[in-house]
Structures are given as structure tokens and as C-alpha cells.
Amino acid sequence: MANSWSETLYDAYAQQFTVDKIYFESKTDHQHLMIFHNALFGRVMVLDGIVQTTEKDEFIYHEMLTHLPILAHGNVKRVLIIGGGDGGMIREVCKHQSVRHITQVEIDQAVIDMAKQYLPNHSQGAYDDARVNIVINDGMAFVKETNERFDVIISDSTDPIGPGESLFSQNFYACCQSCLNPGGVLVTQNGVAYMQQDEVSATATKLAPLFQDWHFFTAAVPTYVGGAMTFSWATDDQALRQQSVDLIQARYQVANIETRYYTPEVHVAAFALPKYVLQVIDQTGRKV
Ligand code: SAM
């Protein structure tokens with residue numbers, strides 16, 4: 001019997017994978033990295049005991065965190081990705097010919113190196129795209145110090161544990177806001193609402209004083225267990241979240257990109273949140 005691996009994100013509950021083969025396992029300068037093969041999900045990347053991405057279901061997460069803000073904005077030229085070492089995010093951003101410049105700030109070079117070697121289907125050569133500029137640094141330090149400006153910022157980080165913790169701080173959100181061009185959008189990985197409701201209320205509380213419009217959108221990613229994952233949305237252009245399916249459809253047509261999860265209808269519907277999530281947001285003092 002192939003051995004198995006259980007996730008350690010939650011004390012009282014865990015998902016388990018059979019492990020047919022381990023491609024890599026080691027402590028990097030920042031975190032414990034493992035990449036193994038599972039019969040159902042293909043190659044799986046784990047950081048500090050938490051599933052980061054799998055070959056089989058990564059498209060859902062990467063399509064929603066890229067095409068939704070880019071097509072909502074409508075004229076994105078410059079994109080900043082924080083984290084994203086597995087390369088799936090830049091693959092999806094690179095599909096947009098309108099995007100002229102992508103900076104990715106990843107704290108751990110080893111994640112990029114091991115993903116290129118053992119998860120080649122994630123980046124699919126995107127790291128070699130002339131528009132891509134890789135910076136190895138802490139995302140918090142980068143947004144604090146950079147004088148570059150971006151139209152979309154995507155925080156594709158680990159959970160708020162270890163190196164990812166600073167990327168869930170109000171200081172990080174405020175620095176991202178100062179790095180956005182007028183009408184720019186910040187979107188972030190914000191945990192699985194049912195399992196990590198404190199992340200929803202914490203992010204809502206931090207975004208509310210900073211941005212004219214903030215909310216969440218969702219998508220269910222099978223290996224982010226416990227239901228739909230929330231992504232935070234923050235911008236000073238209140239119109240961007242109110243767009244019609246027809247407008248998004250027209251932009252999707254022009255973009256002429258292949259997707260397997262994202263559609264203009266899913267885009268608009270993703271902002272509709274379940275009552276219990278709205279109640280968590282309301283408790284932070286804002287009527288939604
Ligand atoms: N899809 C995953 C999720 O939702 O949890 C995230 C995947 S991606 C592998 C997460 C990346 O964030 C990792 O490569 C990790 O090294 C990077 N990271 C963590 N903390 C960071 C920081 N402070 N600055 C930049 N990158 C960071």
C-alpha cells in the first residue's frame with residue numbers, strides 16, 4: 001500500500017492523500033516544501049503541512065484570481081503577483097495580450113525552482129515570457145518600498161502562518177493600495193470561509209477603512225477543503241464590481257482566452273455570498 005500524507009492545517013480535521021511517489025522534500029530557507037504524486041490529484045505541492053496546489057484542480061483558483069480582476073478592470077497593463085511560486089498565476093496572467101508587464105515577488109526561490117522542475121504544467125513556460133519580472137523578496141517589503149504602480153495586484157500567498165502572515169496585515173493592504181494606479185484592484189487568497197471565518201472578518205475589518213469598495217468573491221477548490229474559498233476584492237472604483245455579464249462577456253470575447261472554470265456568468269455570480277458570510281462581514285460594521 002502506498003504510504004499517505006495528512007494535511008495539518010486544522011487540529012480536529014484533516015484531508016489525506018495516498019502518496020505514490022515523493023519528488024522533493026526539504027526545508028528551504030523559509031518553509032518546509034514537499035511535492036508528491038497522488039493518483040487522483042496528480043502532483044501536489046505542500047508548504048509547512050498545508051496543500052498549496054495540485055495539478056488537477058489548480059485551474060479553478062488561478063483562473064478566478066486573474067481573469068476576474070483583469071476583465072473587471074478592462075484595461076490592465078501592469079500586474080503585480082505576490083507569492084505564486086508554483087507559476088500557475090503568471091501562466092493565466094500571460095494569456096492576456098493586453099498585459100504588458102508582470103512583476104512576481106516570491107520570498108522563496110526554492111519554490112520557483114522546484115515548481116519549474118516538478119510542476120511544469122503550472123507555469124507552462126510563463127517564467128520565460130518577456131513580460132515577466134521575478135523578484136525574490138518578502139512581498140510586504142516590496143510593496144512598502146517600490147515606487148512602481150500596478151493596475152491589478154494579486155496576493156497568491158500561503159495562509160497567515162509563517163512567511164505569509166505579513167500578507168494579511170492592514171499595513172500590507174495599505175501599501176498595496178498605494179501601489180495601485182487609479183482604478184486599480186487588489187485581490188487576495190483569503191481562506192475557506194466555512195473553515196476560516198476569522199480570516200473573512202479580519203480581512204473585512206482591515207480593508208474597510210482603506211478602500212472605497214471591498215468585498216469577497218468565491219470559488220470551490222476541492223483541495224482547499226471545507227467549502228468555497230473566499231478571495232478578497234478591494235478597489236477605489238466602485239463601478240468595477242457592478243458590471244453586467246454582457247460587458248464582461250464582451251471583454252472575455254476580445255481577450256480570446258481559453259478557460260476551464262471561469263465564465264462571465266461565474267464572474268458575476270462569484271460576488272454573491274452566502275448569508276453566514278455576509279453576517280460575518282456585517283459584524284465588522286458594514287451593511288453589504
Ligand atoms: N494557492 C495557494 C494558497 O491558496 O494557499 C498559494 C500557493 S503559492 C505556492 C504561495 C506562495 O507564497 C509560496 O510560494 C510562498 O513561498 C509564498 N510566500 C509566502 N509568504 C510570502 C511573503 N511574505 N512574500 C512573498 N511570497 C511569500
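This dialogue looks at the ligand and the cavity around it.

Reader: What kind of model is this, and how are its residues numbered?

Author: This is a predicted model, in which local features need pLDDT of at least 70, side-chain atom pairs count only at pLDDT 80 or more, and totals for chains, interfaces and linings use all residues. Residues are numbered from 1 along each chain as its sequence is written, and side-chain values use heavy atoms, with hydrogens and water left out.

Reader: Which residues come nearest to the ligand?

Author: A residue is near a molecule if one of its heavy atoms lies within 4 Å of it. Here 26 residues surround the ligand, and Q31, E106, G139, P163 and Y224 come nearest.

Reader: Where does the ligand lie with respect to domain 1 and domain 2?

Author: Domain bounds come from an automatic or database domain assignment. The ligand lies between domain 1 (3–54) and domain 2 (58–282), because both give residues to the shell around it.

Reader: Which polar backbone atoms lie close to nitrogen atoms of the ligand?

Author: A polar contact is a pair of N or O atoms within 3.5 Å; within protein, one must be able to donate a hydrogen and the other to accept it, and residues adjacent in sequence count only if both atoms are side-chain atoms. A polar backbone atom of G139 is 2.8 Å from a nitrogen atom of the ligand, and one of P163 is 2.9 Å from a ligand nitrogen, while a backbone N or O atom of S157 lies 3.3 Å from a ligand oxygen.
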